[in-house]
Amino acid sequence: MEAGDSSQQVNGIMSAVANGALAKVDQVHDPRDMVSGGDTPLVGTSTSTRIETKSSMPQNPLIKDVPKFKDVFEEFKWEKIHGKIPLMYQKPFRHLRPICKDDKNEEKEDDAQRDKDRDQDQNLVHEQFTQVISKKVRKQLSKTELKLENLKVLNLENTNFNKLSDIEALTSLKALSLNGIGINDSSVLQGICSLKNLHELELGWNKFNGSIPMCFSNLTSLRVLDLSNNILSGNIPAALITPLVHLEYLSLSGNPFGGSFSFSSLANYSKLQVFELVPQSNDLHVDTEDLALPPPFQLKALYLSGCNLNNQTQKIPSFLLYQKEMQILDLSSNKLVGQIPTWLLQNNANLEVLVLKDNSFTGPFLVDDSLGKNLSLLDISNNDVSGKVPRNIGLSFPFLRWLNLSGNSFEANIPPSLGNLTMAESIDLSHNKFSGEVPGQIGTGCLALIMLVLSYNNLHGNFPSGSTNLTSLEFLHLDNNHFIGSISHGLSRSPSLSLLDISNNSFQGKIPSWIGNFSYLEALDMSANLLEGSLPDAICKLSHLEFLDLSKNQLIGPLPACSELTSLKFIHLHHNMISGPISNMLSGSFNLTTLDLGYNKLSGGIPRYIGKLKELRVLLLGGNELLGHIPLHLCQLQNVTIMDLSQNKFSGPLPTCFNNISFGSGQFSTDAFFKYYQPFAFPINLPFLEIISSEQEIVIFTTKSRSEHYAGNILNFMSGLDLSCNQLIGAIPPEFGDLRHIRALNLSHNYLQGSIPSRLSMLNQIESLDLSYNDLSGEIPSELASLTTLSIFNVSFNNLSGRVPDTWQFANFDESNYRGNPGLCGPLLKSCNPFAPHPENVGDQDIEVDGAIDVAAFAWSFFASYMVIVISLVVILCVSPYYRRAWSFYIDYWILSRFYEYYRSRSSEKKQT
């Protein structure tokens, strides 16, 4: 390539660098030549002037002829890919990314001294690289001065520059990072294939699609290859992977690969340290068992999550038995079976992260007290591990910070040794069979605990039972156990609580007033207990509260009179005995999404401020004693999808403005019904570490003649209006036909009159329509037959007449849908005679006919009863001699008495004559 052509080809890249893209080269600038204080990224060159300037600076041993891109940026890379690393993880993790070394015969230093020297070198390089060039200096840089064809390290990571059609001109590149620039031009990949000198290539978090170019197999000098989080698909060709024998880091995660991948492709990877293959789809099958043993590599980090690992055997990879330097191992979501092997910890003394969740492991979990001393994260959740938790687990893993044993079959008591986990930040023992009381050592020893999850067990007693030191606790889940007694005062020593869930237990007594001291509380769930008394005014102090559930208790009294709950999004107080009017408690809760006050003893009307809650999606006020007309300000709630005003004392006509309410027609956020959703605030965010506190909003709504529970995202698809069991009068407004996205409409048990509007046929998503127990008249509109989604239709006990529709969905309905309407006819009812007079003109004829039918039925039933009595009497007389003699005596007595009366009457007549 001619020099002039090369200069012309790199114009685009050079212009990008001069306008703010970040380019780093092997030579380091003298800080004296730079202007600090600006936000312009560093632009480096490789001119002789720079080399002379560099000679006056302290020589950095990591920067030689080949730029040590990974040495300089290795911690930066780990922060980018895995999130911010805690201090305790920085030293072991920095060696998980490969180090480009020119001198392969370099003697190994002592670990402590090596870390110290590396920190000093890294600080020096970072200090040099954080110098910036002012806009004034940048404008003075000429094309000749930059000479980008000599560029050796180019980092455009997370910039907006994604035009790289001439990338192949940068033939001197040793390290290239295009992570997160949003590029999708596959021609760039072809251009990269020309960069034969590349040692490090990072293309993650882009939009590359299709298959991996086969020409990548020509990049035989590669030591780092990151293709993660793109849209690459198809097979991972062995012919592409096999030649790259110098790879130390290989990441293919986050792509929708399919087909199969064999570890035999890595048979010559003697330098491999980190391998990541966590596919985005479920179509990839990874087989490790055809790899020759022992393998040539010693891995430090292995990610094989959700890749259908060893489908035939469903066993842990055999080659792991030969690995001695593992620090991170993630085999989650692979349906692996058998017992968790103890040699994973025995062979890898430096193992810090072990993730085996979402598999099918069985048997006990065995731990050697002398092993696992460095383990920081242990996650074996969602398996079928049984038996007892090792008694000394807290002593075996003294540095454990995240422990997740949830979703197994552990039983017996929780071991008290968990109290020795002084560094633990999260302990999750939920969804097991633990019994007994919670050890007090957890409350006094786990000083750093942020999250404690004990849900869905058989625990009893109280927690905490005494004083605690859980001052850092933010998330506490005690729900679905058998805890008793009053709410422990020990919880007041956890002022940082953000979520408190004690639901579905047997806690008694009143809600303590110190609950108002939790100034950071965002979610409070005390539902389904035996709490009594009134709602304390202290709840009004919880200004950050977003979710409140006190339902299914024995609370009495009025609602608090306050308006400070400005952050509240979900409130559930249903199934209590709260009385009085709906107070101004929620008048400032303009973010309210769910308002559930159903099945209490609330009285009065619906306050006007309810109509100003523009974000309201669910309004449940059924089962109270509310009265008056349904207020028109409810029509201002345009985002409501579910409204229940049933079983009250509302009167008057139906509001015609209800067609202003969306009832499912709006566009809403997909996570609107997560009642509490916040990532766990850990300083580390590894790909497999998904510790969050997320609970779905649950709403109970009656539809299709039964109460249904709708949870989470399902609420985005459910819509309904229930006005049943009130005292509403008048006609059904035709405007109700405009509720085209509603799925359930219940107007039963009222005093509605008039005909069924034919415009209801526009409810093209309706699944349940209940108009029973009213005074509706006329015919059922034949247009309703077009409602193909209708599965429940009830017009019983009205005054309807005429022929019922019998096509489409109506062909599936039976007589129970129409009972109590004598004027209706059809295939499932009495036949419709076209010559018979209309039922409205029959007059008393129907009565006569019905009377004749009734008399005949009465005669037959009387005759049958008479025969039963006679036969029974004959049988008794034949069987029992006593009753037979009594019957003869009675007959004789009756005959003699009649004869005596007749004789006396004849004697009296003779005397008179």
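In the predicted model, Glu 425 and Arg 401 form a salt bridge in which the closest N and O atoms are 2.5 Å apart. Glu 425 is located in the loop between β19 (409-412) and β20 (426-428), and Arg 401 in the loop between α12 (393-396) and β18 (402-404), so the pair ties together parts that are 24 residues apart in sequence. Both residues, Glu 425 and Arg 401, are buried. This pair belongs to a set of four salt bridges in the structure.

Another of these interactions joins the side chains of Arg 759 and Asp 738, with an N to O distance of 2.7 Å. Arg 759 lies in the loop between β47 (751-754) and β48 (768-770), whereas Asp 738 lies in the loop between β45 (727-731) and β46 (744-746); the salt bridge thereby links distant parts of the chain, 21 residues apart. Arg 759 has a relative accessible area of 32% and is therefore classed as partly exposed. Asp 738, with a relative accessible area of 28%, is likewise partly exposed.

A salt bridge is also found between the side chains of Arg 743 and Glu 767, at 3.1 Å from N to O. Here Arg 743 is placed in the loop between β45 and β46, and Glu 767 in the loop between β47 and β48, 24 residues apart, so that distant parts of the chain are again linked. Arg 743 is partly exposed at a relative accessible area of 21%, and Glu 767 is partly exposed at 23%.

Ser 228 was examined separately. Ser 228 occupies the loop between β5 (224-226) and β6 (231-232). With a relative accessible area of 4%, Ser 228 is buried, because the cut-off for that class is under 20%. The side chain of Ser 228 makes a polar contact of 3.5 Å with the side chain of Asn 229. When neighbours within four places in sequence are set aside, the contacts of Ser 228 comprise Leu 203, Gly 204 and Trp 205, together with Ser 251, Leu 252, Ser 253 and Asn 255.

Confidence was assessed along the chain. The mean pLDDT is 79, and 75% of the residues reach 70 or more. Over residues 676-693 the pLDDT is below 50, and this stretch has 64 contacts in the model beyond near neighbours in sequence. Residues 14-111 also have pLDDT under 50 throughout, with 228 contacts beyond four places in sequence. Predicted coordinates should not be read in detail where pLDDT is low.

Key: Residues are numbered from 1 along each chain as its sequence is written. This is a predicted model: local features need pLDDT of at least 70, side-chain atom pairs count only at pLDDT 80 or more; totals for chains, interfaces and linings use all residues. Side-chain values use heavy atoms; hydrogens and water are left out. Helices (H or I, at least four residues) and strands (E, at least two) are DSSP runs, numbered from the N terminus. Buried means under 20% relative accessible area, exposed over 50%, partly exposed in between (1.4 Å probe, protein chains only). A polar contact is a pair of N or O atoms within 3.5 Å; within protein, one must be able to donate a hydrogen and the other to accept it, and residues adjacent in sequence count only if both atoms are side-chain atoms. Contact means heavy atoms within 4.5 Å. pLDDT is the predictor's confidence in each residue, from 0 to 100.
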